[in-house]
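Dear colleague,

Here is the structure I said I would pass on. My notes on what was found in it follow below.

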Amino acid sequence: MSPPLYDDAGSGPAVVLLHGYPFDRSMWREQIDFLSAHGYRVIAPDLRGFGETVAQTSVSESAGPSHRLKSMLLKEADRSITTMADMAHDVAALMDKLEIVDATICGLSMGGYVAFEFVHIFPARTRAMVLAGTRAPADNEQEKQARAQQAEQPLAKGMGEVADATLARLLAPRTLTENSAVVAQVREMILRADPRGAAAAQRGMAARRDYLEDLPGINVPVLIIVGRQDRIRPVTDAEFMHRGLSNSHLKIIEDAAHMTNVEQPDIFNHALISFLQTATR
């Protein structure tokens, strides 16, 4: 797998931004602009199977294999899995390409799981962590079964069904009624996601490790961010991580649900840079 496609802006201590499911690196545009203007080098990749990486992982439709072979390859892709460790290794490969020794790793939701894997596999390359809208425990059996069903949804019905089913949970009620631009941005990201990439990532999230045992061994500074109205990964998940980590700070953002960085970008950015100025000094 080639290193992911990415944005690279600014100069200074490196910050790697890892997007959530089923989004792409465009969700970080406010943070890219802000941090790069305040003395940081910001790297925002499309994680495997999302955004522009789809061209790297899709089955070619060009002349060559027979229609039957293409069909078999597509069916195989529909059963594929992208693990959180796969994505973490992709991030490390990108850092190698960009000659970045270490960085603050910031992940939202699925990106948080990738951050957990990254600090586990590459502890010396992790200067600090930011965990937004994520949690440490692995899925239980009921949650794994739900993810298996959710993996089939985009393959069978397309990403429009996913958008319709999840928008009300991703965004706070006030955002839904008063911020049509954010609603449109989030919906458009979902709609342009590749169904096979989304399905593979759902399977990978279901198979992820339990990060509870990792918490005591994470010695870098950690900022935990959660939306007060997040029903997907509620405040209790954030508080649990905060108690389990030896050097963490907890920021609860009001009038936000799961997509804290796009719903309340000014508050998110202020919390982020205040943390970075201390953690990366």
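A nonpolar core, as used here, is a set of buried Ala, Val, Leu, Ile, Met, Phe, Trp, Tyr and Cys residues joined through side-chain atoms within 4.5 Å. Please keep in mind that this is a predicted model. The largest such core in it has 82 residues. Those with the most contacts inside that core are Trp 28, Met 110, Phe 116, Met 129, Val 186 and Met 259.

Phe 116 and its surroundings: beyond residues up to four places away in sequence, Phe 116 touches Met 129, Leu 131, Arg 135, Ala 136, Arg 209, Tyr 211, Leu 215, Ile 218 and Met 241.

Val 222 also touches Met 129 and Leu 131. Val 222 belongs to strand S6, residues 222-227, and is buried, with a relative accessible area of 1%. Its other contacts, again leaving aside neighbours within four places in sequence, are Leu 245, Asn 247, Ser 248, His 249 and Phe 275. For Val 222 and Asn 247, which are 25 residues apart along the chain, the C-alpha atoms are separated by 6.3 Å.

Aromatic pairs: there are four in the structure. One of them joins Tyr 21 and Phe 50, with ring centres 6.1 Å apart and planes at 85 degrees, so this pair is edge-to-face. Tyr 21 is in the loop between strand S2 (14-18) and helix H1 (29-36), and Phe 50 is in the loop between strand S3 (41-45) and helix H2 (54-57), so the pair ties together parts that are 29 residues apart in sequence. Both of these residues, Tyr 21 and Phe 50, are buried.

Trp 28 and Phe 268 make a tilted pair, at 6.3 Å centre to centre and 50 degrees between the planes. Since Trp 28 is in the loop between S2 and H1 and Phe 268 in helix H13 (residues 265-279), this pair ties together parts that are 240 residues apart in sequence. Trp 28 counts as buried because its relative accessibility is 0%, and Phe 268 counts as buried at 0% as well.

Charged residues: Asp 139 lies in the loop between strand S5 (126-132) and helix H6 (141-157). With a relative accessible area of 7%, Asp 139 is buried. Its side chain has a polar contact of 3.1 Å with that of Arg 135 and another of 2.9 Å with that of Arg 208. Residues touching Asp 139 from over four places away in sequence include Lys 144, Arg 147, Met 205, Ala 206 and Arg 233. Arg 208 also has its charged end over the ring of Tyr 113, 3.9 Å from the ring centre.

Regards

Technical notes. Residues numbered from 1 in each chain as written. Predicted model: local features only at pLDDT ≥ 70, side-chain atom pairs only at ≥ 80, totals over all residues. Heavy atoms only, no water. Buried < 20%, exposed > 50% of the residue type's maximum accessible area, 1.4 Å probe, protein only. Contact = heavy atoms within 4.5 Å. Phe/Tyr/Trp six-rings, centres within 6.5 Å; stacked < 30°, edge-to-face > 60°. Helix = DSSP H or I, 4+ residues; strand = E, 2+ residues; numbered from the N terminus. Lys NZ or Arg CZ within 6 Å of the ring centre and 35° of its normal. Polar contact = N/O pair within 3.5 Å; in protein donor to acceptor, adjacent residues only side chain to side chain.
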